[in-house]
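Please open the model in your viewer and keep the selection panel at hand, since each stop below begins with something to select and then says what is there.

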Amino acid sequence: MRNLVCVAQRVCVLLALALAVLPAWAQSSSGGARQFSDAAEWSRWFDSEERDAWQKPVEVLSALALPRSAVVADIGAGTGYFSARLARALPDGKVYAVDVEPEMVRHLRDRAAAERIGNMHAVQAARDDPRLPEPVDLVLMVNVQGLMVRPGDYFARLRSMLKPGGRVAIVSTRIDSPIGARAQMRVAPEKVKQDMADQGYALVAEHDFLPYQFFLVFSIK
Ligand SMILES: C[S@@+](CC[C@H](N)C(=O)[O-])C[C@H]1O[C@@H](n2cnc3c(N)ncnc32)[C@H](O)[C@@H]1O
(Lines give C-alpha, C1' and ligand atoms only; values in the text may rest on other atoms or scores of the structure.)
Protein backbone atom coordinates (compact mmCIF):
# COMPACT_ATOMS: atom_id res chain seq x y z
CA MET A 1 0.00 0.00 0.00
CA ARG A 2 2.83 2.36 0.97
CA ASN A 3 4.50 1.57 -2.39
CA LEU A 4 1.29 2.45 -4.20
CA VAL A 5 1.06 5.83 -2.42
CA CYS A 6 4.69 6.49 -3.27
CA VAL A 7 4.13 5.76 -6.97
CA ALA A 8 0.99 7.94 -7.02
CA GLN A 9 2.94 10.79 -5.39
CA ARG A 10 5.69 10.50 -7.99
CA VAL A 11 3.17 10.53 -10.85
CA CYS A 12 1.58 13.68 -9.37
CA VAL A 13 4.97 15.41 -9.10
CA LEU A 14 5.86 14.49 -12.71
CA LEU A 15 2.48 15.73 -13.94
CA ALA A 16 2.88 19.02 -12.07
CA LEU A 17 6.35 19.45 -13.57
CA ALA A 18 5.08 18.71 -17.07
CA LEU A 19 2.27 21.26 -16.69
CA ALA A 20 4.72 23.86 -15.42
CA VAL A 21 7.05 23.34 -18.36
CA LEU A 22 4.37 23.02 -21.06
CA PRO A 23 3.50 26.72 -21.53
CA ALA A 24 7.17 27.62 -22.03
CA TRP A 25 7.64 24.78 -24.48
CA ALA A 26 4.44 25.66 -26.34
CA GLN A 27 5.63 29.25 -26.68
CA SER A 28 9.05 28.32 -27.99
CA SER A 29 7.78 25.66 -30.38
CA SER A 30 5.39 28.17 -31.92
CA GLY A 31 8.27 30.66 -31.77
CA GLY A 32 10.53 31.95 -34.51
CA ALA A 33 9.06 34.26 -37.06
CA ARG A 34 5.37 33.61 -36.46
CA GLN A 35 5.26 35.52 -33.21
CA PHE A 36 6.53 38.69 -34.94
CA SER A 37 3.72 39.01 -37.46
CA ASP A 38 2.12 42.13 -35.92
CA ALA A 39 4.72 44.72 -36.90
CA ALA A 40 2.70 47.73 -35.72
CA GLU A 41 2.22 46.21 -32.27
CA TRP A 42 5.92 45.27 -31.99
CA SER A 43 6.94 48.73 -33.11
CA ARG A 44 5.42 50.17 -29.92
CA TRP A 45 8.04 48.17 -27.99
CA PHE A 46 10.98 48.00 -30.35
CA ASP A 47 10.89 51.66 -31.33
CA SER A 48 9.88 53.13 -27.98
CA GLU A 49 11.81 56.11 -26.66
CA GLU A 50 12.37 54.29 -23.37
CA ARG A 51 14.39 51.70 -25.26
CA ASP A 52 16.98 54.25 -26.29
CA ALA A 53 18.01 54.71 -22.66
CA TRP A 54 19.24 51.13 -22.30
CA GLN A 55 19.76 50.09 -25.94
CA LYS A 56 22.18 53.00 -26.42
CA PRO A 57 22.04 52.90 -30.24
CA VAL A 58 24.44 55.81 -30.66
CA GLU A 59 27.07 54.08 -28.52
CA VAL A 60 26.51 50.75 -30.31
CA LEU A 61 27.05 52.32 -33.73
CA SER A 62 30.03 54.29 -32.48
CA ALA A 63 31.61 51.09 -31.07
CA LEU A 64 31.27 49.50 -34.51
CA ALA A 65 33.27 52.36 -36.08
CA LEU A 66 31.94 51.85 -39.61
CA PRO A 67 33.15 53.91 -42.57
CA ARG A 68 30.42 56.01 -44.25
CA SER A 69 30.45 53.71 -47.26
CA ALA A 70 30.01 50.44 -45.35
CA VAL A 71 27.56 47.78 -46.52
CA VAL A 72 25.71 46.29 -43.55
CA ALA A 73 23.13 43.53 -43.05
CA ASP A 74 20.88 43.93 -40.02
CA ILE A 75 19.67 40.34 -39.74
CA GLY A 76 16.45 39.96 -37.76
CA ALA A 77 15.87 43.67 -38.30
CA GLY A 78 12.34 43.59 -36.88
CA THR A 79 10.78 47.03 -37.28
CA GLY A 80 14.09 48.61 -38.29
CA TYR A 81 15.25 50.13 -35.00
CA PHE A 82 18.90 49.65 -35.93
CA SER A 83 18.52 49.48 -39.72
CA ALA A 84 17.13 53.02 -39.94
CA ARG A 85 19.83 54.42 -37.66
CA LEU A 86 22.56 52.56 -39.53
CA ALA A 87 21.31 53.76 -42.91
CA ARG A 88 21.30 57.38 -41.72
CA ALA A 89 24.78 57.00 -40.25
CA LEU A 90 26.12 55.55 -43.52
CA PRO A 91 25.05 58.05 -46.21
CA ASP A 92 27.45 56.55 -48.77
CA GLY A 93 26.74 52.97 -47.71
CA LYS A 94 23.90 50.51 -47.84
CA VAL A 95 21.86 48.68 -45.22
CA TYR A 96 20.02 45.44 -45.86
CA ALA A 97 17.21 45.14 -43.32
CA VAL A 98 16.71 41.39 -43.28
CA ASP A 99 13.86 39.47 -41.66
CA VAL A 100 12.04 36.16 -42.05
CA GLU A 101 8.64 37.52 -41.11
CA PRO A 102 6.84 38.87 -44.21
CA GLU A 103 4.92 41.45 -42.15
CA MET A 104 8.17 42.81 -40.77
CA VAL A 105 9.68 42.94 -44.26
CA ARG A 106 6.64 44.88 -45.50
CA HIS A 107 6.95 47.22 -42.50
CA LEU A 108 10.67 47.74 -43.20
CA ARG A 109 9.95 48.57 -46.84
CA ASP A 110 7.17 51.00 -45.84
CA ARG A 111 9.39 52.59 -43.21
CA ALA A 112 12.24 53.15 -45.67
CA ALA A 113 9.79 54.83 -48.06
CA ALA A 114 7.95 56.86 -45.39
CA GLU A 115 11.16 58.12 -43.80
CA ARG A 116 12.87 58.55 -47.19
CA ILE A 117 15.78 56.33 -46.32
CA GLY A 118 16.97 55.46 -49.80
CA ASN A 119 19.91 53.30 -48.71
CA MET A 120 17.85 50.95 -46.52
CA HIS A 121 16.63 47.88 -48.41
CA ALA A 122 14.24 45.32 -46.94
CA VAL A 123 15.16 41.69 -47.62
CA GLN A 124 12.91 38.67 -47.19
CA ALA A 125 15.11 35.99 -45.66
CA ALA A 126 14.64 32.28 -45.13
CA ARG A 127 15.12 30.90 -41.64
CA ASP A 128 18.44 29.30 -42.64
CA ASP A 129 19.58 31.84 -45.22
CA PRO A 130 19.62 35.67 -45.03
CA ARG A 131 19.55 35.82 -48.85
CA LEU A 132 21.87 38.81 -49.00
CA PRO A 133 22.16 40.33 -52.49
CA GLU A 134 25.89 41.03 -52.04
CA PRO A 135 28.73 40.48 -49.53
CA VAL A 136 28.72 42.87 -46.57
CA ASP A 137 31.24 44.57 -44.27
CA LEU A 138 29.17 43.91 -41.18
CA VAL A 139 26.36 41.65 -40.07
CA LEU A 140 24.50 42.99 -37.04
CA MET A 141 22.16 40.75 -35.09
CA VAL A 142 20.30 42.27 -32.15
CA ASN A 143 18.16 39.96 -30.04
CA VAL A 144 17.95 37.32 -32.75
CA GLN A 145 20.41 34.78 -31.39
CA GLY A 146 17.88 32.85 -29.30
CA LEU A 147 15.60 32.49 -32.33
CA MET A 148 18.18 30.82 -34.56
CA VAL A 149 17.30 27.18 -35.20
CA ARG A 150 20.82 25.94 -36.08
CA PRO A 151 23.21 28.77 -35.26
CA GLY A 152 26.28 26.71 -36.17
CA ASP A 153 25.04 26.00 -39.71
CA TYR A 154 23.82 29.58 -40.07
CA PHE A 155 27.15 31.17 -39.17
CA ALA A 156 29.04 28.69 -41.34
CA ARG A 157 26.92 29.83 -44.29
CA LEU A 158 27.36 33.49 -43.34
CA ARG A 159 31.14 33.29 -43.79
CA SER A 160 30.81 33.39 -47.57
CA MET A 161 28.60 36.49 -47.32
CA LEU A 162 31.23 38.64 -45.60
CA LYS A 163 33.67 40.84 -47.46
CA PRO A 164 37.37 40.31 -46.61
CA GLY A 165 37.81 41.70 -43.08
CA GLY A 166 34.03 41.59 -42.56
CA ARG A 167 32.61 41.31 -39.06
CA VAL A 168 29.60 39.83 -37.27
CA ALA A 169 28.26 41.79 -34.27
CA ILE A 170 25.91 40.02 -31.89
CA VAL A 171 23.89 41.86 -29.24
CA SER A 172 21.63 39.68 -27.15
CA THR A 173 19.77 39.71 -23.83
CA ARG A 174 21.86 38.54 -20.90
CA ILE A 175 20.67 35.40 -19.14
CA ASP A 176 20.02 37.31 -15.88
CA SER A 177 18.56 40.49 -17.38
CA PRO A 178 15.38 41.78 -15.68
CA ILE A 179 14.01 42.80 -19.10
CA GLY A 180 14.26 41.56 -22.67
CA ALA A 181 13.71 38.27 -24.48
CA ARG A 182 11.74 35.47 -22.80
CA ALA A 183 13.91 33.30 -20.58
CA GLN A 184 13.79 30.28 -22.92
CA MET A 185 15.00 32.46 -25.81
CA ARG A 186 18.13 33.66 -24.02
CA VAL A 187 21.57 32.34 -24.88
CA ALA A 188 24.71 32.56 -22.77
CA PRO A 189 27.56 34.57 -24.35
CA GLU A 190 29.87 31.59 -23.74
CA LYS A 191 27.67 29.46 -25.97
CA VAL A 192 27.72 32.12 -28.71
CA LYS A 193 31.52 32.37 -28.47
CA GLN A 194 31.81 28.57 -28.71
CA ASP A 195 29.40 28.34 -31.68
CA MET A 196 31.33 31.07 -33.47
CA ALA A 197 34.75 29.57 -32.69
CA ASP A 198 33.50 26.20 -34.01
CA GLN A 199 32.70 27.92 -37.31
CA GLY A 200 36.11 29.59 -37.59
CA TYR A 201 35.32 33.07 -36.23
CA ALA A 202 37.61 34.97 -33.86
CA LEU A 203 36.27 37.25 -31.13
CA VAL A 204 37.65 40.72 -31.92
CA ALA A 205 35.73 42.85 -29.40
CA GLU A 206 33.55 42.42 -26.35
CA HIS A 207 31.72 45.53 -25.13
CA ASP A 208 30.14 45.74 -21.71
CA PHE A 209 28.40 49.13 -21.74
CA LEU A 210 24.90 47.73 -22.38
CA PRO A 211 23.08 47.08 -19.10
CA TYR A 212 20.87 44.19 -20.25
CA GLN A 213 22.68 42.68 -23.23
CA PHE A 214 26.07 41.30 -24.14
CA PHE A 215 27.73 42.72 -27.25
CA LEU A 216 30.27 40.58 -29.09
CA VAL A 217 32.06 41.24 -32.38
CA PHE A 218 33.65 38.50 -34.49
CA SER A 219 35.64 38.28 -37.69
CA ILE A 220 36.83 35.33 -39.73
CA LYS A 221 40.09 33.81 -38.41
C1 LIG B 1 13.33 40.24 -31.04
S2 LIG B 1 13.16 40.79 -32.71
C3 LIG B 1 14.52 41.93 -32.77
C4 LIG B 1 14.30 43.00 -33.79
C5 LIG B 1 15.45 44.01 -33.96
N6 LIG B 1 16.73 43.38 -34.16
C7 LIG B 1 15.54 44.96 -32.78
O8 LIG B 1 16.50 44.87 -32.03
O9 LIG B 1 14.63 45.79 -32.62
C10 LIG B 1 13.74 39.41 -33.64
C11 LIG B 1 13.46 39.51 -35.14
O12 LIG B 1 14.24 38.49 -35.79
C13 LIG B 1 13.45 37.89 -36.81
N14 LIG B 1 14.03 36.55 -37.06
C15 LIG B 1 13.91 35.43 -36.33
N16 LIG B 1 14.63 34.43 -36.85
C17 LIG B 1 15.26 34.94 -37.95
C18 LIG B 1 16.16 34.42 -38.93
N19 LIG B 1 16.57 33.14 -38.90
N20 LIG B 1 16.59 35.23 -39.92
C21 LIG B 1 16.18 36.53 -39.98
N22 LIG B 1 15.31 37.08 -39.08
C23 LIG B 1 14.87 36.31 -38.08
C24 LIG B 1 12.03 37.93 -36.27
O25 LIG B 1 11.06 37.82 -37.29
C26 LIG B 1 12.02 39.29 -35.55
O27 LIG B 1 11.58 40.32 -36.40
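The tour goes from the whole chain to the sheet, then to one residue on an edge strand, and ends at the ligand.

Before selecting anything, keep in mind that this is a predicted model. With the whole chain in cartoon view, you should find 8 helices and 7 strands. Of the 221 residues in the chain, 35% are buried, and if you consider the contacts with a separation of 6 or more, 70% of them come from residues 24 or more positions apart.

Next, select the strands and hide the rest. The 7 strands form an open sheet with mixed pairing, and reading across the sheet gives the order S3-S2-S1-S4-S5-S7-S6. At the edges are S3 and S6 (201–207), each of which pairs on one side only. Neighbouring strands of this sheet are turned by 20° against each other on average, when direction is ignored.

Stay at the S6 edge and add S7, residues 213–220. These two strands run antiparallel and are joined by 6 bridges; for a landmark within the pair, pick Tyr 201, which stands opposite Ile 220 in S7. As background for reading such pairs, strands of a sheet pair through backbone hydrogen bonds, either parallel or antiparallel.

Now cross to the other edge and bring back helix H6, residues 102–114. This helix lies across S2 (94–99) and S3, and runs at about 165° to S3.

Within S3, which covers residues 120–124, select His 121. Is His 121 buried or exposed? His 121 is partly exposed, because 18 other C-beta atoms lie within 10 Å, whereas a buried residue would need 20 or more. To see what His 121 touches beyond residues up to four places away in sequence, add Lys 94, Tyr 96 and Ala 97. A distance label between the C-alpha atoms of His 121 and Lys 94 should read 7.7 Å, although these residues are 27 residues apart along the chain.

Finally, select the ligand together with the residues around it. Which residues are the closest to the ligand? Of the 22 residues that surround the ligand, the closest are Phe 36, Gly 76, Gly 78, Glu 101 and Val 142. If you colour the shell by class, you will find 15 nonpolar, 4 polar and 3 charged residues. Helix H5 (81–89) and S2 each supply at least two residues of this shell, and S2 is also a strand that H6 lies across.

Key
Residues numbered from 1 in each chain as written. Predicted model: local features only at pLDDT ≥ 70, side-chain atom pairs only at ≥ 80, totals over all residues. Helix = DSSP H or I, 4+ residues; strand = E, 2+ residues; numbered from the N terminus. Buried ≥ 20, exposed ≤ 12 C-beta atoms within 10 Å, placed from the backbone. Contact = placed C-beta atoms within 7 Å. Pairing = 2+ DSSP bridges. Axes fitted to C-alpha atoms, helices over the stretch in contact; angles between N-to-C directions. Near = placed C-beta within 6 Å. Nonpolar A, V, L, I, M, F, W, Y, C, P; charged D, E, K, R; others polar.
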